[in-house]
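Please work through the exercises below with the sequence and the structure open beside you. Each exercise sets a task and is followed by a solution in steps.

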Amino acid sequence: MSVIETRNLCKYYGKHRGIVDVSFSVEEGEIFGFIGPNGAGKTTTIRILLGLIFPTSGTARIFGKDCTREGHEIRKEIGYVPGEVNYYSNVTVDELLNYSASFYDRVDKKYIKELCEIFELDPKKKFRELSTGNKKKVAIVQALLHKPKLLICDEPTNGLDPIMQNRLFEIIRELKGQGTTIFFSSHILSEVQKLCDEFAMIKEGKVVKTGKIEQLAGFNYKSITLQSRQIDELERTLKIPHRRIDDSTISFKYSGDINELLKKLSEIQIENIWIEDPSLEELFLSFYEEGER
Amino acid sequence: MNVYTWEMKRNIKTTIVWMVALVLVQLMYISVYPSMVKDTELLTRMMKLMPKAFLRIFGLEDLDFSNILNYQASISSIYVTLVGSIFAVLLTCKVLAKEESEKTAEFLLSKPVKRSNVLLQKISSTLTLILTFDLVICVSSLLMVEFFKQGAVDYTRFWLFWLSQILLHLTVANLVFTIIVLVKRQDSTTSFSIGMTFVLYILAMASKLTEKLELLKYLTPFYYSEGIRIVKYGRMEPVFLVIYFFLNLAVVLSSLFFYSKKDIYL
């Protein structure tokens with residue numbers, strides 16, 4: 001049985017589209033990446049799963065139960081990390097976590113303390129005094145404290161520094177080891193590639209592609225842009241297809257050995273260089289092209 | 001019960017501030033009563049000089065100020081009836097509308113509780129706080145009447161007056177709960193609800209102005225609970241009690257029903 005299963009899920013806000021015909025399923029124990037640009041409908045989908053809004057048509061089931069009718073039962077086993085953390089501003093972290101814990105049956109107080117220590121949270125601080133990153137950490141702790149079977153994260157790394165991001169990934173992997181299912185929404189491709197087993201890609205309210213994460217491996221290239229007066233020389237040595245040259249700037253996609261590239265680059269005089277992960281937009285374009293063919 | 005306790009803790013301070021303020025206002029007004037009662041005759045003559053319509057809409061016609069209850073009811077028509085209702089509006093908005101406008105509903109409603117359960121707990125805590133508020137000012141006013149009275153006091157009238165005020169405040173809160181549930185976004189619910197309260201208050205006055213407008217009285221709880229009339233005649237019309245009962249039943253049930261189906265926009 002799938003942990004999450006949506007079938008032709010649609011949500012319209014009046015005439016505006018939220019999501020259209022979203023169907024995917026998440027199996028037990030996997031980390032499922034839900035990837036798409038801003039405004040694609042990731043949060044809308046998550047809010048339907050949580051029962052905050054109700055679908056215009058289609059169904060969403062979690063643990064085999066209907067999200068609209070049995071939401072309160074489902075939510076016993078769900079932890080939710082929101083994309084944007086908005087909690088009661090004039091309470092302390094401690095009070096908030098206790099309030100959160102009071103909704104569940106068996107909560108281990110020691111575990112809350114442990115989580116606070118892992119994320120270096122000061123439980124005596126008022127929520128409003130916290131920075132964006134620290135607010136996010138509170139959200140993560142309140143989502144984990146009842147040891148849910150399904151963790152739903154909406155852009156959880158937003159606002160976290162790299163150290164905390166890694167700590168979060170470690171925890172997510174650890175949870176996966178314990179059999180927890182994780183639904184991980186993000187607009188950062190590399191993040192999803194690093195962490196997830198399966199993925200669904202959403203754009204403009206529609207799921208464009210679903211599959212195993214390995215299918216994204218072809219997108220392991222880097223977008224490289226560099227400025228140099230010796231561009232001609234570089235062209236001769238590198239022989240890259242699909243390059244774009246603009247005055248003294250050259251941009252190309254590189255998927256070979258990065259060390260080799262760097263060795264070659266060191267031979268010429270470079271004024272400026274950008275090495276970037278491919279953008280989501282590029283990824284979607286290639287999927288569209290694939291679909292048309 | 002956890003939502004109930006949470007709301008009680010979060011709102012008890014505001015309630016106490018309102019209680020203290022109202023007790024002080026009452027004390028201020030009632031402490032001038034003994035000096036006023038000495039000049040009742042002068043006061044009655046002065047009242048006769050005022051326009052009839054004015055006296056009528058404020059319920060001051062043929063009001064005998066030598067009875068402390070009459071005096072207290074006329075003062076309370078603003079400081080308990082109206083201000084108490086405003087308190088009920090603000091409290092209700094803080095308990096429910098704020099949850100959506102400050103987006104904390106995302107936290108609360110992703111917890112394993114039914115919507116109807118959340119709302120029922122929020123309604124209960126709000127009503128408890130309003131009841132506490134009313135009981136405290138009721139008891140303080142009892143003490144003040146005891147202390148400042150100048151003759152015998154009919155306590156049935158006193159209790160009837162307070163019953164009518166409590167019913168009014170609870171009803172206002174329940175009405176505002178329904179408004180919040182029915183409104184999609186909470187940007188202006190508070191001001192809208194306060195506006196509605198004033199309109200209802202004015203309707204009650206208008207209904208006393210001419211016979212043509214008399215039917216308006218059925219549209220506003222401020223008429224059902226008009227303190228001066230209740231103290232003057234020593235009774236609250238059963239028809240209003242019946243309306244109160246069904247009105248509250250209807251608004252609470254529809255709040256619960258629609259809240260369970262509501263899309264929470266954040």
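**Exercise 1. Work out the strand order of the open sheet of six strands in chain A, and find its edge strands.**

Solution. The order across this open sheet is β6-β7-β8-β3-β9-β10 of chain A, and the pairing is mixed. Here strands (E, at least two residues) and helices (H or I, at least four residues) are DSSP runs numbered from the N terminus, and two strands pair if DSSP finds at least two bridges between them. The edges are formed by β6 (78–81) and β10 (206–212) of chain A, each of which pairs on one side only. On average, and with direction ignored, neighbouring strands of the sheet are turned by 15° against each other. The model is a predicted one, in which local features need pLDDT of at least 70 and side-chain atom pairs count only at pLDDT 80 or more, while totals for chains, interfaces and linings use all residues. Residues are numbered from 1 along each chain as its sequence is written, and chains are lettered from A and ligands numbered from 1 in the order in which they are written.

**Exercise 2. Follow β3(A) to its partners β8(A) and β9(A), and then go on to β10(A).**

Solution. Begin with β3 (residues 31–35) and β8 (residues 181–186) of chain A, which pair in the parallel sense over five bridges; in this pair A:G33 stands opposite A:F184. Next, β3(A) also pairs with β9(A) in the parallel sense, over four bridges, and A:F32 faces A:E198 there. Then pass from β9(A) to β10(A), which run antiparallel and are joined by six bridges, with A:K209 in β10(A) as the bridge partner of A:M201. The hairpin of β9(A) and β10(A) has two residues between the strands, and within this hairpin A:E204 takes a positive phi near 45°. Finally, β9(A) is mostly covered, since five of its six residues are buried, where buried stands for 20 or more other C-beta atoms within 10 Å of a residue's own, exposed for 12 or fewer, and partly exposed for values in between, with C-beta atoms placed from the backbone.

**Exercise 3. Which strands does helix α1 of chain A touch in the six-stranded sheet, and which in the sheet of four strands?**

Solution. In the six-stranded sheet, α1 (residues 42–50) of chain A touches β3, β6, β7 (150–154), β8 and β9 (198–203) of chain A, a contact being two residues whose C-beta atoms, placed from the backbone, lie within 7 Å. The direction of α1 makes about 150° with that of β7(A); axes are lines fitted to C-alpha atoms, for helices over the stretch in contact, and angles run from 0 to 180 degrees between N-to-C directions. Helix α6 (residues 162–177) of chain A lies across β3, β7 and β8, running at about 150° to β8(A). Turn now to the open sheet of four strands, which has the order β2-β1-β4-β5 in chain A and antiparallel pairing. Its edges are β2 (16–26) and β5 (65–66), and each has a single partner strand, so one side of each lacks a neighbour in the sheet. Two bridges join β4 (residues 57–62) to β5(A) in the antiparallel sense, and A:I62 stands opposite A:K65. On this sheet α1(A) touches β1 (4–13), β2 and β4, and its direction makes about 115° with that of β1(A).

**Exercise 4. Is A:K147 buried or partly exposed, and is A:E155 buried or exposed?**

Solution. A:K147 is found in the loop between α5 (132–144) and β7 of chain A, and has a positive phi of about 50° although it is not a glycine. Because 16 other C-beta atoms lie within 10 Å, A:K147 is partly exposed. A:E155 is found in the loop between β7 and α6 of chain A, and its phi, near 45°, is likewise positive in a residue other than glycine. With 22 C-beta neighbours inside 10 Å, A:E155 counts as buried.

**Exercise 5. How many residues does each chain give to the contact between chain A and chain B?**

Solution. Chain A gives 16 residues and chain B gives 16 residues. On the side of chain A that touches chain B there are 11 nonpolar, three polar and two charged residues, where Ala, Val, Leu, Ile, Met, Phe, Trp, Tyr, Cys and Pro count as nonpolar, Asp, Glu, Lys and Arg as charged, and the others, Gly among them, as polar.
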